[in-house]
Amino acid sequence: MIADALLSDLDDEELVRRLEDFWRAADNRMSALPVHNPALAVMVTPIRRFGRFRFAAVVTPWCMAVVAVPDTGIKLPPDGVTLRLDLPAGEVDFVVASMEDGGRYGTASLFSPMDEFDDQVIAEEVAMAALDELLGETEPSETASLSINLDRRRLLGFGRGTSDGGS
């Protein structure tokens with residue numbers, strides 16, 4: 001499918017720019033809605049690779065999400081279908097979507113709306129931490145036994161004691 005290759009053919013820097021352009025255009029349409037947090041701006045983290053996908057976290061004034069872009073040759077299911085990817089943090093569901101130009105990707109919501117954030121720097125730090133939690137530093141072949149419970153309270157440091165002695 002040619003549409004799947006549009007984003008896949010971009011190098012990492014071009015992909016970040018394309019994602020930022022796409023989400024900024026959406027921001028223009030979202031700015032009048034009550035879920036829009038004017039303290040925040042669109043930002044895309046640097047690309048991280050895992051398996052045959054490239055990932056980035058996206059911060060917008062209305063949501064924070066992880067985007068998964070497949071390598072060339074991987075065909076995504078139709079828009080709106082859930083794509084389950086096995087990541088170091090465990091299985092994560094991404095909803096397949098398309099850009100206006102046909103570029104296709106999967107997206108997994110982290111926060112929506114963004115009313116818990118009043119600072120761009122904090123939102124960006126949380127986005128980077130979420131990507132670190134999801135992808136870790138392991139090779140795909142080492143991930144079979146890994147499982148991490150990623151929830152908003154734990155990600156923001158509000159988690160209660162765990163059975164492994166952590167806080």
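## Serine 8 and its surroundings

Let's start with one residue: setting aside neighbours up to four places away in sequence, serine 8 is in contact with Arg54, Val69, Pro70, Asp71 and Thr72. This comes from a predicted model, as does everything described below. Serine 8 belongs to helix H1, which covers residues 2-8.

Is serine 8 buried or exposed? Its relative accessibility is 12%, so serine 8 counts as buried, the cut-off for that being under 20%. One of its contact partners deserves a second look: the side chain of serine 8 reaches the backbone oxygen of proline 70 at 2.3 Å.

## Helix H2 and its two sides

Next comes helix H2, with 19 residues. From its first C-alpha to its last, H2 reaches 27 Å, close to the 27 Å expected at 1.5 Å a residue. At the start of this helix, a side-chain oxygen of aspartate 11 comes to within 3.1 Å of the backbone nitrogen of glutamate 13.

Which residues of H2 are buried? They are Leu15, Val16, Leu19, Glu20, Phe22, Trp23, Ala26 and Asp27. Looking down the axis of H2, you would find these buried residues within an arc of 165°, so they line one face of the helix. On the other side of H2, Glu13, Asn28 and Arg29 are exposed.

## A closer look at glutamate 20

Glutamate 20 sits in H2, the helix of residues 12-30. With a relative accessibility of 16%, glutamate 20 counts as buried because the cut-off is under 20%. Apart from residues up to four places away in sequence, glutamate 20 touches Val42, Met43 and Val44.

## Two nonpolar cores

In soluble globular proteins, nonpolar side chains tend to be buried together. Here, the largest nonpolar core has 31 residues, and Phe55, Met64, Leu87 and Phe94 touch the most other members. Two or more residues come from each of these elements: strand E3 (53-59), strand E4 (64-70), strand E5 (82-87), strand E6 (90-98), strand E7 (104-111) and helix H3 (120-135). Which element gives the most to this core? That is H3, with seven residues.

A second, separate core has 19 residues, including Leu7, Phe22, Val42 and Val58. Phe22 is also among the buried residues of H2, and Val42 is one of the residues that glutamate 20 touches.

## The contacts of phenylalanine 55

To finish, let's return to phenylalanine 55. Leaving out residues up to four places away in sequence, phenylalanine 55 touches Pro46, Ile47, Arg48, Phe50, Val66, Val67, Ala68, Leu85, Leu87, Phe94, Leu131 and Leu135. Leu87 and Phe94 have already appeared, as two of the residues that touch the most other members of the largest core.

Notes
Residues numbered from 1 in each chain as written. Predicted model: local features only at pLDDT ≥ 70, side-chain atom pairs only at ≥ 80, totals over all residues. Heavy atoms only, no water. Core = buried A, V, L, I, M, F, W, Y, C linked by side-chain atoms within 4.5 Å. Buried < 20%, exposed > 50% of the residue type's maximum accessible area, 1.4 Å probe, protein only. Helix = DSSP H or I, 4+ residues; strand = E, 2+ residues; numbered from the N terminus. Contact = heavy atoms within 4.5 Å. Polar contact = N/O pair within 3.5 Å; in protein donor to acceptor, adjacent residues only side chain to side chain. Expected span 1.5 Å × (residues − 1). Arc of directions from axis to C-beta.
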